[in-house]
Amino acid sequence: VADLGTEEQRRSMAGKFFHKEGVTGLGNNEKDARTRIAAWLERWRARVAEDWGDDGDEKREVEMKKVNPKFIPRSWVLDELIQRVEHGEERKVIAQVMEMALNPFNDEWDTRDREQEERFCGDVPRQNRQMMCSCSS
């Protein structure tokens, strides 16, 4: 939170909350989005300072990493996994995703595919953002 002290810093940091393509959605624009996120970041910064003090970033980050996994096996990851195994016969990807799922709090895994690890932990690909699921019985 040390780098959120000024309005300019909060507006700059706001971009981390956008998809890679930038602000999306009807009626949204980057300037307004940055203003709204900067206001939220100011409230969040004040709350963190209240709970952890102004110099508690390092301890707070350690505690947060204990309860916030880096990897969550989201539906788009599992759908991709199924497609790759069924149609591409890429069976090794199962072991990679299992390693990540069994150790979700790691910062990185020994899957030998760092780019894929980061992709699976990152933003939902644009084509998967509007995925609709249904169950039939």
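Where does E117 lie?

1. **E117.** E117 lies in helix α6. This is a predicted model, and the points below should be read as statements about that model. E117 counts as buried because its relative accessibility is 1%, and the cut-off for buried is under 20%. Setting aside neighbours within four places in sequence, E117 touches M100, E108, W109, D110 and T111. Two of the names in that list deserve a look on screen: E108 and D110.

2. **Overall make-up.** How many helices and strands does the protein have? The protein has six helices and zero strands. Read from the N terminus, the elements run α-α-α-α-α-α. The radius of gyration is 19 Å, well over the 14 Å that the globule rule gives for 137 residues, so the protein is more spread out than a compact globule. Along the principal axes, the C-alpha atoms fill a box of roughly 50 × 40 × 35 Å.

3. **Burial and surface.** Of the 137 residues, 23% are buried. The protein exposes about 10200 Å². Carbon and sulfur atoms supply 50% of that exposed area.

4. **Contact range.** Take the contacts with a sequence separation of 6 or more. Residues 24 or more positions apart account for 54% of them. The α4/α6 and α2/α3 pairs, taken up next, show how individual helices meet.

5. **Helices α4 and α6.** Two packed helices are described by the angle between their axes and the distance between the axes. Helix α4 covers residues 75-88 and helix α6 covers residues 114-121. Their axes come within 10 Å and cross at roughly 135°. That angle makes α4 oblique to α6, because the value falls outside 65 to 115 and is not over 145. On the α4 side, the residues are W76, V77, E80 and R84. They meet Q116, R119 and F120 in α6. By class, this contact has three nonpolar, one polar and three charged residues.

6. **Q116.** Is Q116 buried or exposed? Q116 sits in helix α6. Q116 counts as buried because its relative accessibility is 7%. Beyond four places in sequence, Q116 contacts R84, V93 and Q96. R84 belongs to α4, and V93 belongs to α5. Q116 therefore has contact partners in both of those helices, with burial at 7% relative accessibility.

7. **V93.** Helix α5 spans residues 92-102 and includes V93. V93 is buried, as its relative accessible area is 1%. Which residues does V93 contact, leaving aside neighbours within four places in sequence? The partners are L81, R84, V85 and Q116. Q116 appears here again, matching its own contact list. V93 and D51 are 42 residues apart along the chain. Their C-alpha atoms are separated by 41 Å.

8. **K92.** K92 also lies in helix α5. K92 counts as exposed because its relative accessibility is 64%, and the cut-off for exposed is over 50%. V93, by contrast, is buried. The C-alpha atoms of K92 and A14 are separated by 37 Å. Along the chain, K92 and A14 are 78 residues apart.

9. **Helices α2 and α3.** At what angle do the axes of α2 and α3 cross? Helix α2 takes in residues 30-52, and helix α3 takes in residues 57-67. The axes cross at roughly 95° and come within 11 Å. The two helices are therefore roughly perpendicular to each other. From α2, the contact uses W44, V48 and W52. From α3, it uses K59, R60 and E63. The residues divide into three nonpolar, no polar and three charged.

10. **V1.** V1 is in the segment before α1, which covers residues 7-14. V1 counts as buried because its relative accessibility is 13%. Outside four places in sequence, V1 contacts W44, R45, V48, D57 and R60. W44 and V48 from α2, and R60 from α3, are also part of the contact between those helices. V1 and E58 are 57 residues apart along the chain. Their C-alpha atoms are separated by 10.0 Å.

Conventions
Residues numbered from 1 in each chain as written. Predicted model: local features only at pLDDT ≥ 70, side-chain atom pairs only at ≥ 80, totals over all residues. Heavy atoms only, no water. Axes fitted to C-alpha atoms, helices over the stretch in contact; angles between N-to-C directions. Helix = DSSP H or I, 4+ residues; strand = E, 2+ residues; numbered from the N terminus. Parallel < 35°, antiparallel > 145°, perpendicular 65-115°, else oblique. Contact = heavy atoms within 4.5 Å. Nonpolar A, V, L, I, M, F, W, Y, C, P; charged D, E, K, R; others polar. Buried < 20%, exposed > 50% of the residue type's maximum accessible area, 1.4 Å probe, protein only. Rg over C-alpha atoms; globule rule 2.2 N^0.38 Å. Areas by Shrake-Rupley, 256 points an atom, 1.4 Å probe, with all protein chains shown as cover.
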